[in-house]
Amino acid sequence: MFNSLEKSKALKIYTKIAKQSREPFFFEDCKIKDSFQQRLEVLSLNLIIVLWSMKKNKGLFTLSQKIIDIFFQDLDNSLRELGVSDLSVGKKIKILAENFFGRLASYTDSIEKSINDKKSNCLLQSIKKNFNCLEESKIKYKKIHFYAVNNINSFKNINEDKILNVSFEFSK
C-alpha cells in the first residue's frame with residue numbers, strides 16, 4: 001500500500017511533530033501536566049495542525065494517512081511500555097482513536113472558523129475542552145491558543161515541498 005519512500009517521509013514528519021510536542025515550553029510555560037494524557041493532547045494538537053495544512057493538497061493524502069498510521073502504532077507501543085496488557089491494548093487504542101478523530105474534527109472545524117469567520121474563540125474553547133483534566137489545573141490556555149494560532153498562520157499556506165522535505169518549523 002505504501003512504498004518505502006512514503007513510509008520514510010511519514011516517519012520523519014511524525015518524528016518532527018513528536019519532538020516538537022516534547023518541548024519544555026508546553027510543560028513549563030503553558031503549565032501542562034507532564035502525564036501520558038496531557039502529552040497526548042499536545043501531540044494531537046501539533047499533529048492536527050500539520051494534517052490540516054496537508055489536507056489542502058490532494059497529493060499529500062496518502063502521506064497524511066501514513067502519518068496517522070505511525071501515530072497509532074506509536075500509541076500502541078506507548079501503551080505496551082506503560083504495562084497495558086496485550087488483551088487491553090486494542091480496547092484502549094479504539095478509545096484513543098475515537099478521541100483523536102473527535103479532536104481532529106473539532107480542531108479542524110475550529111481552525112476553519114477562526115480563519116474564515118474570524119471566530120478565534122472557537123479554537124480557544126476547543127483547546128480548553130481538550131486540555132481540561134480532572135485534577136486541579138493551572139494550564140495557561142491562552143498561551144496554548146496563541147501557540148496554535150501562530151502555527152496555523154505559519155502552516156496555512158505552507159508549500160508541499162516544505163512538508164515533503166520536512167523543512168517546516170513550529171513557532172512558540
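1. In this note, two residues are said to be in contact when they have heavy atoms within 4.5 Å of each other. The structure discussed here is a predicted model, and the points below take up one pair of helices and then an enclosed space.

2. With that meaning of contact in mind, one can follow how α3 and α7 touch: Leu45, Asn46, Ile49, Val50, Trp52 and Ser53 in α3 meet a set in α7 made up of Ile144, Tyr147, Ala148, Asn151, Ile152 and Phe155. Sorted by class, the residues of this contact comprise 9 nonpolar and 3 polar ones, with no charged residue among them.

3. How are the two helices set against each other? Helix α7 covers residues 141-155, and α3 packs with α7 at an angle of about 25 degrees, while their axes lie 10 Å apart. Because angles under 35 degrees count as roughly parallel, α3 and α7 are roughly parallel to each other. The crossing of α3 with α7 is right-handed.

4. Turning to enclosed space, the model holds 1 cavity of 30 Å³ or more, and the volume of the largest cavity is about 60 Å³.

5. Which residues line the largest cavity? Its lining consists of Gln37, Leu40, Glu41, Ser44, Phe71, Leu75, Leu96, Asn99, Phe100 and Arg103, and by class these are 5 nonpolar, 3 polar and 2 charged residues.

6. The lining of the largest cavity draws on several helices, since at least two residues come from each of α3 (36-54), α4 (61-81) and α5 (86-116). Helix α3 therefore appears twice in this note, as it contributes to the cavity lining and is also roughly parallel to α7.

Conventions. Residues numbered from 1 in each chain as written. Predicted model: local features only at pLDDT ≥ 70, side-chain atom pairs only at ≥ 80, totals over all residues. Heavy atoms only, no water. 1 Å grid on protein atoms, 1.4 Å probe; cavity = no way out; pocket = protein on both sides within 12 Å on 5 of 7 lines; lining within 4 Å. Points joined across faces, edges and corners; volume = space filled by probe spheres on them. Helix = DSSP H or I, 4+ residues; strand = E, 2+ residues; numbered from the N terminus. Nonpolar A, V, L, I, M, F, W, Y, C, P; charged D, E, K, R; others polar. Axes fitted to C-alpha atoms, helices over the stretch in contact; angles between N-to-C directions. Parallel < 35°, antiparallel > 145°, perpendicular 65-115°, else oblique. Left-handed = near helix turned anticlockwise from the far one by under 90°.
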